[in-house]
Number of protein chains: 2
Amino acid sequence: MVGYVVRRAKVWIFQDVRRTLKGLDVTPAQFSVMKIVGANPGLAQARVAEALFIERARLVQMLDRLEARGLIGRTRSARDRRSHALHLTEEGARLLAHLEQLLEVHERNLVTRLGPKSKSELLRILAPFAR
Amino acid sequence: MVGYVVRRAKVWIFQDVRRTLKGLDVTPAQFSVMKIVGANPGLAQARVAEALFIERARLVQMLDRLEARGLIGRTRSARDRRSHALHLTEEGARLLAHLEQLLEVHERNLVTRLGPKSKSELLRILAPFAR
DNA sequence: TATTGTTATACTCTATAACTATA
DNA sequence: TATAGTTATAGAGTATAACAATA
């Protein structure tokens with residue numbers, strides 16, 4: 001029952017994000033990668049994967065795509081030569097800012113759907129899942 | 001931010017359900033189909049798809065599998081010969097009862113994770129997504 | 001020994017479009 | 001014309017396992 005409603009909410013939210021970003025060729029998952037890398041330049045791939053609950057293996061392909069589009073860069077870390085330090089390119093940072101602006105519409109859609117106070121309540125209740 | 005935490009919760013819940021049902025070869029989605037059909041015998045495929053937010057096309061393959069395993073039956077509806085009336089077989093009903101019993105463990109895991117009162121709050125807040 | 005990035009495989013799921021048979 | 005079930009396809013995501021380079 002809880003699983004059902006949480007899944008329904010997740011599907012609705014992701015569909016609304018996709019609709020909002022229509023035509024920009026950015027999935028919700030790609031957005032989340034850009035956002036976390038933007039906020040934490042130098043982060044290693046394994047850290048991003050952990051933070052986003054994405055498989056390490058899956059992230060590789062996502063980064064391949066983002067790198068090919070010139071949005072994200074990988075550079076060998078000096079301290080630990082196994083790992084890649086990730087950073088947004090200038091274009092990546094520009095796109096991210098644009099996406100965040102567009103997503104304000106989604107944010108409003110969500111609050112409309114949930115009712116005014118529920119967003120913060122929801123974040124509080126689900127906090128145990130955000131680690 | 002909301003999308004992030006809702007997805008994390010969804011992933012955790014589904015993983016926990018999979019863990020709980022380990023070895024029985026039943027996915028969370030299959031369980032939900034069996035449950036809704038069990039509670040509403042005679043339901044048409046399109047209704048199930050709507051209720052569960054699953055694509056009509058996807059449901060076809062899920063039902064093929066469940067039918068092949070002898071858990072669910074499809075019979076042509078007398079009233080509308082386009083549609084299939086779905087029902088659990090005896091074995092399907094037996095398995096469903098077993099699954100529901102097993103999932104009480106998951107239910108307890110979830111409440112432990114969320115804290116005691118949060119489950120009902122969560123259901124109330126997310127009610128707009130349950131239609 | 002353990003971790004990082006990578007490749008690979010199989011399966012599930014989502015999003016679409018089109019087809020047929022019925023209504 | 002619309003709906004129910006079906007088939008098909010492309011891409012996204014999940015779950016695993018293995019490997020080379022590095023720690």
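**Two pockets and two DNA strands**

I would like to begin with the second largest pocket, which is lined by 27 residues, and of these Met1(A), Tyr4(A), Pro28(B), Phe31(B) and Ser32(B) lie nearest its centre. Please keep in mind throughout that what you see above is a predicted model. The elements that give two or more residues to the lining of this second largest pocket are helix 1 of chain A and, from chain B, helix 1, helix 2 (28-39), helix 3, helix 4 and helix 5 (90-114). Helix 2 of chain B provides the largest share of that lining, seven residues. As for the volume, about 730 Å³ of space lies in the second largest pocket, and by class its lining has 17 nonpolar, four polar and six charged residues.

Let me turn now to the largest pocket, where about 1,000 Å³ of space lies. Of the 35 residues that line the largest pocket, those closest to its centre are Phe14(A), Pro28(A), Ala29(A), Ser32(A) and Tyr4(B). Here the elements giving two or more residues to the lining are helix 1, helix 2 (28-39), helix 3, helix 4 and helix 5 (90-114) of chain A, together with helix 1 of chain B. Which helix gives the most to the lining of the largest pocket? That is helix 2 of chain A, with seven residues. The residues of this lining divide into 17 nonpolar, seven polar and eleven charged.

I will move on to the DNA, taking strand C before strand D. Around DNA strand C there are 23 residues, of which Arg18(A), Ala46(A), Arg47(A), Arg74(A) and Arg58(B) come nearest. If we look at the atoms of DNA strand C within 4 Å of the protein, 69% belong to sugar or phosphate, and the rest belong to bases. On the phosphate side, an N or O atom in the side chain of Arg18(A) is 2.8 Å from a phosphate oxygen of DNA strand C, and for the side chain of Arg7(A) the corresponding distance to a phosphate oxygen is 3.4 Å. On the base side, a polar side-chain atom of Arg82(A) lies 2.8 Å from a base oxygen of DNA strand C. The elements that give two or more residues to the surface near this strand are helix 1 (2-20), helix 3 (45-52) and helix 4 (56-68) of chain A, along with helix 4 (56-68) of chain B. By class, the surface near DNA strand C comprises six nonpolar, four polar and 13 charged residues.

For DNA strand D, there are 23 residues around the strand, and Arg58(A), Arg18(B), Ala46(B), Arg47(B) and Arg82(B) come nearest. Sugar and phosphate make up 69% of the atoms of DNA strand D that come within 4 Å of the protein. Among the side chains of chain B, an N or O atom of Arg74(B) is 2.8 Å from a phosphate oxygen of DNA strand D, while for Gln15(B) the distance to a phosphate oxygen is 3.1 Å. Arg56(B), by contrast, has a side-chain N or O atom 3.3 Å from a base oxygen of the strand. Helix 4 of chain A, together with helix 1 (2-20), helix 3 (45-52) and helix 4 of chain B, each supply at least two residues of the surface near DNA strand D. That surface divides into six nonpolar, four polar and 13 charged residues.

Methods: Residues are numbered from 1 along each chain as its sequence is written. Chains are lettered from A and ligands numbered from 1 in the order in which they are written. This is a predicted model: local features need pLDDT of at least 70, side-chain atom pairs count only at pLDDT 80 or more; totals for chains, interfaces and linings use all residues. Side-chain values use heavy atoms; hydrogens and water are left out. A residue is near a molecule or strand if one of its heavy atoms lies within 4 Å of it. A polar contact is a pair of N or O atoms within 3.5 Å; within protein, one must be able to donate a hydrogen and the other to accept it, and residues adjacent in sequence count only if both atoms are side-chain atoms. Helices (H or I, at least four residues) and strands (E, at least two) are DSSP runs, numbered from the N terminus. Ala, Val, Leu, Ile, Met, Phe, Trp, Tyr, Cys and Pro count as nonpolar, Asp, Glu, Lys and Arg as charged, and the others, Gly among them, as polar. On a 1 Å grid over the protein atoms alone, a cavity is a set of points where a 1.4 Å probe fits but cannot get out, and a pocket is an open set with protein on both sides within 12 Å along at least five of seven lines; lining residues have an atom within 4 Å of a point. Grid points are joined across faces, edges and corners, and a volume is the space filled by probe spheres set on the points.
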